[in-house]
Amino acid sequence: MTAIKHALQRDIFTPNDERLLSIVNVCKAGKKKKNCFLCATVTTERPVQVKMVKVKKSDKGDFYKRQIAWALRDLAVVDAKDAIKENPEFDLHFEKIYKWVASSTAEKNAFISCIWKLNQRYLRKKIDFVNVSSQLLEELPKVTEESVPSGENQSVTGGDEEVVDVYQELNAREEQDIEIMMEGCECAISNAEAFAERLSRELQVLDGANIQSIMASEKQVNILMNLLDEALKEVDQIELKLSSYEEMLQSVKEQMDQISESNHLIHLSNTNNVKLLSEIEFLVNHMDLAKGHIKALQEGDLSSSRGIEACTNAADALLQCMNVALRPGHDMLQAVKQQQQRFSDLREQFARRLASHLNNVFVQQFTQALLQLYNRSYFLSVPVSTSNLAQASLILFFFL
């Protein structure tokens, strides 16, 4: 496992400026798949980012490849399944639950211990540890903000190996400064005591300069704090303005909703008015009889050709109005019923006038025919038979 850890550190994490702290060989629970490694890492640059990385061995070679990485702050629960019996299974609750089976219980415990320490150091106990042995957690020293000075390197041990070493390598600038100091030293490198004494004096001078710089910057710090206080006041004022704007926007939203509802009702009313106007136009166009036709039916002269033509046109118009195909619901309207009754009255009135006129015409025609018969017999001295006279009298009595 140590060799694998070094290989992963060299090939995967060092190019990404990350440091491998703990590793566990796992496979997914309930599935027969190849094993993979879960790695707990931290970045070498500040601010420190703690991640959990899944690494799998490539099928085409002996190298490893990085599959997926989760931020430790997204980890909600670590479930060790059993706090009493040894069990290699454990669950990690990120955005979903990942179920793992470690190659050994010792590796699982070491990995969970590393997660617990990273949680104590960087996340301030934001992760819940379920079914984890209390002895396992008690053996790990709690790292709090008071116990660890800010800016110092801290070590987190996972199992039997250190997670973060105390030793920290010098950067390029520090190495260059030390080389310049060693070149300017008059004593030989072998005289370590003289070199250490000079180094101590230089450090004391630097400490004094740092103290003076801090004291000189106290005024600037106070000014900065005052500016921060003013900025906070401005932020409070901005929040108040935003709150008032939000209330006004809410009021505008309510008014817009009311306007939208009113527009909907107006549109519905306009639609209904258009439909009603269409129905009214249909009834007016098909059930309206002109005044001239009504007058012709009531008072038209049936003895003249012009009067007969007017009565004929009026009768055709009346017939069309009475035979119009009404739409569903029209027969329920009171006005439609009244108009239909009016048409029926006009028809009956015209029928009585027409029957009376025809009766008068027939009586007049037979009377004239009878008179002609008598006149013919008188002037021609032709006797009229009793049977012909009786038949003419009977026909005349029928029409009268």
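Student: Among contacts in the protein between residues at least 6 apart in sequence, what percentage join residues at least 24 apart?

Tutor: This is a predicted model, in which local features need pLDDT of at least 70, side-chain atom pairs count only at pLDDT 80 or more, and totals for chains, interfaces and linings use all residues. Residues are numbered from 1 along each chain as its sequence is written, and side-chain values use heavy atoms, with hydrogens and water left out. A contact means heavy atoms within 4.5 Å. Among contacts between residues at least 6 apart in sequence, the share that joins residues at least 24 apart is 50%.

Student: How many helices and strands are there in the protein?

Tutor: Helices (H or I, at least four residues) and strands (E, at least two) are DSSP runs, numbered from the N terminus. By this reckoning the protein has 10 helices and 10 strands.

Student: What percentage of the residues of the protein count as buried?

Tutor: A residue is buried under 20% relative accessible area, exposed over 50%, and partly exposed in between, with a 1.4 Å probe and protein chains only. The protein has 400 residues, and the part that counts as buried is 26%.

Student: Which residue forms a stacked aromatic pair with tryptophan 70?

Tutor: Rings of Phe, Tyr and Trp (its six-membered ring) pair if their centres lie within 6.5 Å; planes under 30 degrees apart count as stacked, over 60 as edge-to-face and the rest as tilted. The count under this rule is six aromatic pairs. In one of them the centres are 5.1 Å apart with 20° between the planes, and the partner of tryptophan 70 is phenylalanine 94.

Student: How many residues apart are tryptophan 70 and phenylalanine 94?

Tutor: Tryptophan 70 and phenylalanine 94 are both buried, and they belong to one aromatic cluster with Tyr98 and Trp100. Tryptophan 70 lies in strand β4 (residues 64–71), whereas phenylalanine 94 lies in the loop between β6 (89–93) and β7 (97–102). The pair thus links distant parts of the chain, and the separation is 24 residues.

Student: Is aspartate 91, which meets lysine 99 in a salt bridge, buried or exposed?

Tutor: A salt bridge is a side-chain nitrogen of Lys or Arg within 4 Å of a carboxyl oxygen of Asp or Glu, and the structure holds seven. Aspartate 91 and lysine 99 meet at 3.3 Å, N to O. Lysine 99 is partly exposed at 42% relative accessible area. Aspartate 91 has 3% relative accessibility, so it counts as buried.

Student: In which helix do aspartate 257 and lysine 253 both lie?

Tutor: The side chains of aspartate 257 and lysine 253 form a salt bridge of 3.4 Å, N to O. Aspartate 257 is partly exposed at 41% relative accessibility, and lysine 253 is partly exposed at 47%. The two residues are four apart, about one turn of the helix, and that helix is α6 (residues 218–287).

Student: Over the ring of which residue does the charged end of arginine 327 sit?

Tutor: Arginine 327 also forms a salt bridge with glutamate 279, the closest N and O atoms being 3.1 Å apart. Glutamate 279 lies in helix α6 and arginine 327 in the loop between α8 (305–322) and α9 (334–379), so this pair ties together parts that are 48 residues apart in sequence. A charge sits over a ring if NZ of Lys or CZ of Arg is within 6 Å of the ring centre and within 35 degrees of the ring normal. The charged end of arginine 327 is 4.2 Å from the centre of the ring of phenylalanine 282.

Student: At roughly what angle do the axes of helix α7 and α8 cross?

Tutor: Axes are lines fitted to C-alpha atoms, for helices over the stretch in contact, and angles run from 0 to 180 degrees between N-to-C directions. The residues making the contact include His293 of α7 and Ala310 of α8. The axes of α7 (residues 291–299) and α8 come within 8 Å, and their crossing angle is roughly 115°.

Student: Which proline is joined to arginine 46 by a cis peptide bond?

Tutor: Most residues other than glycine have a negative phi, and most peptide bonds are trans. The bond after arginine 46 is cis, with omega about 0°. The residue it joins to arginine 46 lies in the loop between β2 (36–43) and β3 (50–57), and its name is proline 47.

Student: What is the phi of aspartate 17?

Tutor: Aspartate 17 is placed in the loop between α1 (2–13) and β1 (18–28), and it is partly exposed at 38% relative accessible area. Although aspartate 17 is not a glycine, its phi is positive, at about 55°.
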